[in-house]
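Please walk me through this structure in the viewer. Tell me what to select at each stop and what is there.

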Amino acid sequence: MDETSGAVEDTGPCKEDLYEREAPREPTLPLVVFRLGREWYGVEITKVKEVIRASKITYLPSCPEHIAGIVNLRGYILSVTDLKPIFGLPHEEPTEKTRIIAIESGVFETGFLVDEVVASIEVPVSKIETALLTLPAERGKYLEGQCKVDDKLIAIVNVEKVSEKRA
Amino acid sequence: MSKNGEGDMSNNNLTLDDIAALIVQIEPTDLADWARVRRELNVIADSSPTSAQRPIAEAVKRIDQMTGGKASDPSGLLADIGAFIEEAINATEKSGGEETPFSDLEPEQAPALEPSAEAGGFKALPQEADPALLEEFINESRDLIAGAEAALLELETDPENAEPVNIVFRAFHTIKGTSGFLGLDHISKLAHGAESFLSRIRDKEIRCIGGYADLAFRSVDMLKDLIRIAQDALRGVPMAAPDGLNDLMVLLDEPEAAGISEDVCDEPGGVEEMPPRLGDILVAQGKAGRQEIEAAVADQTDQPVGMAILRSEIASLTEVGQALRKQRSMAGSEPVTEMSVRVRTDRLDRLIEMVGELVIGHSMVAQDETVNSGNYLELQRKVSHTDKIVRQVQDLSMSMRMVPLKATIRKIARLVRDLARRRETTINFVPIGEDTEIDRNMVDLINDPLVHLVRNAVDHGIEPPHEREKNGKPREGTLLLKAYHSGGNIVVEISDDGRGLDRNKIIEKAISKGLIQPGQNMSDTEIINLIFQPGFSTADKVTDISGRGVGLDVVRKAVETLRGRVDVSTELGKGCTFSVRLPLTMAITDGMLVKVGNQRYILPTVNIDMSFRPNAEVLSTIVGRGEIVVFNGKVLPIFRLHSLFNIKDAVEDPTRGLLIIIGEGNQRCALLVDELIGQQQVVAKPLGDGIGKVRGIAGGAILGDGRVGLILDPQGIAVLARQISDSGIPKEVVCWSGT
């Protein structure tokens, strides 16, 4: 006990050092970047649960076009959302690189069917434009914003809006 | 977890009729349900005409009496409540709702309808309570109560000792303070009452022996109950006032008024169970010999046993005191035997689901080529060994959730008694197979259909006594409820010896309701099955027991959602038997795997009548759109699963595919699939988030190869097909056009 209290006293003079702050950094938004057709999209990494191989999707009859079906995620059934009809992209057959990004946002879980998962990046918040003049309003509704990284335009998907469409 | 009818009761728009229907289902001891009924009545009273408010208020008063534990004759009270509600219904109907609600005019004049501090308005937990604080309070109180109990026991052997009194007093005082601060009014009130009572002991006004001691013990017990209720409420269990709280409050206020004194003989409440005798305890502890004690007691018959033993100096005061305490604790507390473990149902459900997956996973291993190649006999042996274990685990896990039907059947027995009394007949209710077990998740779900069938049998089936005598039957009707297991199903049969179903009456009714055309050729089974059509009711008059237009179709629908079926057999004048066949559990579905194009679906076996490959001559087409098949002389529409679900590369020629006959009565149809793959047990799961209900699909299941298979819903398919074909198929051919 004595030793401990001594140690506490020793740290006394260093107190200021401990509280010295790092140089302020710009806040960033971590994104998972994926490809749909020839376009690049991103989704906030905090909403991504995992990425799984797109195999054995069970087709659901009489469902809207953007519902690709359901898959088995370790004993749970996960619905799969096809983002392409939502963003007006043509349908393509799945390839080797096709993945399902399992999304968890609040109580809602689904998987985004994407052509390829490209990278996980951090984008400075200041670089994100919320004005989406280049996109028609109908599609823009499902996006939170866009940003340019290495000359690529990345559209950030609004998970909540997409989930509302499903409901 | 959910009690029968809770869904109905949570709905705030109950009518008096609903309440009347509910009351007959509730046990007089079911405090939580009564509290809800009382609440609903108060709500109804607010919007009722003046003439109906008095009977409602009376009914509420009776409920309070019953739940307050004051009732000496609960069944009489129950009848009174029923009568008052009936009166209220009549009054409401008479006034036609034109009268302005009483409470709108003079709100202060309806005090009886305000939630009072009486049992019905009982509130164990304040709304804004901090759960952490409450938890702490509950634990603290437990300790204090335990201390108080010990002190009281000590006090009884040594009434002059001031120290135990102070311990008890302080315990109550602390609990009073904290509960008051937390807003636990009932606890604080009781603690206050007990405190004032104890202050009289402390001030040596009275001594803590005999009746007073019992009163002190009762206060402690009640406090324990209240704290337990508060704890339950914290966990979300519906709360109800413990029996006799109000009585106790009155007693504590003025014990002498109820004749309580220091005399032991005047024991309020009475002793239900004889505690072990003091002498026996001492003998058992080896403190004294039996003969000695018997001699001492015989010598001094005017003394209590303890005193007699003390005076004869057989045992010391401490020994007698300890024995007394032991006697008290043996009589007072319930035996603490931990024979079972309480497990949260969601965990149990999850376990059972996982075991289901294990079974499927294991069958994947067992069916693996490597295992079955015959080259690895050792491996094969090991796999078959695990197979046995897995099966045992499955059986065991399933049995964990099985409960006997006893509770449901007892409720029904009660219902039959009440219904019979209301119709002024006597019915002999014979339950058989009360111990038949069923998945606990299904118990609540099967209750409503059974109640409905029983009501029907009593109201429409069994004739009034005079009619029965005329027909040479015993005056007393018999209602037989038989539950048994049969091939992975549970079957509940409800048989009455009443008038039976009248074939001609059914036809007449069906024609008048437009369900069938006159002159239509139908088999007996088909005719009887008409009673399951919506809006069909053969009763000539609507009674208050049953026959409000919603009828057997509701029963059938409810049973079918449970993947079961209802069958009926009858003989005119002899009686009628409804048999409800349900799967033992909803967790596992017995299904037939069918292939359509590149898709596979699971069709619940219970829905399949039969399957066959048709010849070209039994097939025909009507007006180019509706396809039919003639099967056993019956014309059935054909639905192509591939076109309903828009599946490519499926077999389109019925003579190369397979027709599966599903559905019953008017919904019977033939479903075209490519082929049957085989039988499989699957664990039904909801489809993923956000998909909601898909027409024609009942749910999903993980198949042996890890893919998700869809479980078909035959009823949904029929609806879907009707939508797609719309008016395309002529009405004469589409059998369900009548609905």
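Select B:Ile167 in this predicted model. Is B:Ile167 buried or exposed? Neither word fits: B:Ile167 is partly exposed, because 18 other C-beta atoms lie within 10 Å, while a buried residue needs 20 or more and an exposed one has 12 or fewer. Now show its surroundings. Leaving out residues up to four places away in sequence, B:Ile167 touches B:Gly147, B:Ala148 and B:Ala151. Add B:Leu152, which is 15 residues from B:Ile167 along the chain; the two C-alpha atoms are 8.8 Å apart.

**The helix around B:Ile167**

Extend the selection to residues 162–182 of chain B, which form helix H8, the helix that holds B:Ile167. How far apart are the end C-alpha atoms of H8(B)? They are separated by 30 Å, and this agrees with the expected span, because 21 residues at 1.5 Å a residue should also cover 30 Å.

Colour the buried residues of H8(B) next. They are B:Pro164, B:Val165, B:Val168, B:Ala171, B:Phe172, B:Ile175, B:Lys176, B:Thr178, B:Ser179 and B:Leu182. Then step just past the end of H8(B) to B:Gly183, where phi is positive, at about 80 degrees.

**A second helix in chain B**

Move to residues 552–561 of chain B, helix H24. Its buried residues are B:Leu552, B:Val555, B:Arg556, B:Val559 and B:Glu560. Turn the view to look down the axis of H24(B): these buried residues fall within an arc of 125 degrees, so they line one face of the helix. Just after H24(B), select B:Arg563, which takes a positive phi of about 60 degrees.

**Chain B as a whole**

Zoom out to chain B. It has 26 helices and 18 strands. Of its 739 residues, 35% are buried. Among contacts between residues at least 6 apart in sequence, 67% join residues at least 24 apart.

Now colour chain B by pLDDT. The mean is 74, and 74% of the residues reach 70 or more. Two stretches to select here are residues 1–11, where the pLDDT is below 50, and residues 541–550, where the pLDDT is also below 50. Beyond near neighbours in sequence, residues 1–11 have 14 contacts in the model, and residues 541–550 have 18. Where pLDDT is low, the predicted coordinates should not be read in detail.

**Chain A**

Switch to chain A, which has five helices and 10 strands. Its 167 residues include 29% that count as buried. Of its contacts with a separation of 6 or more, 56% are between residues 24 or more positions apart.

Select the loop between strand S9 (143–149) and strand S10 (152–157) of chain A, where A:Asp150 is found. A:Asp151 is in this loop too. Most residues other than glycine have a negative phi. Phi of A:Asp150, however, is positive, near 50 degrees, and A:Asp151 has a positive phi of about 65 degrees. Are these residues buried or exposed? A:Asp150 is exposed, because 6 other C-beta atoms lie within 10 Å and the cut-off for exposed is 12 or fewer. A:Asp151 counts as exposed with 5 C-beta neighbours inside 10 Å.

**Where the chains meet**

Show both chains. The contact takes 21 residues from chain A and 21 residues from chain B. On the chain A side, the elements that give two or more residues are strand S4 (67–73), strand S5 (76–82), strand S7 (108–114) and helix H5 (159–166). S4(A) gives the most, with four residues. By class, this side of chain A has 11 nonpolar, seven polar and three charged residues. For the complex, the predictor gives an ipTM of 0.75 and a pTM of 0.46.

**The nonpolar cores**

Which residues have the most contacts inside the largest nonpolar core? They are A:Val43, A:Ile101, B:Leu671 and B:Leu712, in a core of 78 residues. Centre on A:Val43: not counting residues up to four places away in sequence, it touches A:Leu31, A:Val32, A:Val48, A:Ile101, A:Ile103, A:Phe112, A:Val157 and A:Val159. For a last stop, go to another core that lies apart from this one. That core has 39 residues, among them B:Leu405, B:Ile446, B:Leu453 and B:Cys576.

Notes: Residues are numbered from 1 along each chain as its sequence is written. Chains are lettered from A and ligands numbered from 1 in the order in which they are written. This is a predicted model: local features need pLDDT of at least 70, side-chain atom pairs count only at pLDDT 80 or more; totals for chains, interfaces and linings use all residues. Two residues are in contact if their C-beta atoms, placed from the backbone, lie within 7 Å. Ala, Val, Leu, Ile, Met, Phe, Trp, Tyr, Cys and Pro count as nonpolar, Asp, Glu, Lys and Arg as charged, and the others, Gly among them, as polar. A nonpolar core is a set of buried Ala, Val, Leu, Ile, Met, Phe, Trp, Tyr and Cys residues joined through C-beta atoms within 7 Å. pLDDT is the predictor's confidence in each residue, from 0 to 100. The expected span of a helix is 1.5 Å times one less than its number of residues. The arc is that of the directions from the helix axis to the C-beta atoms.
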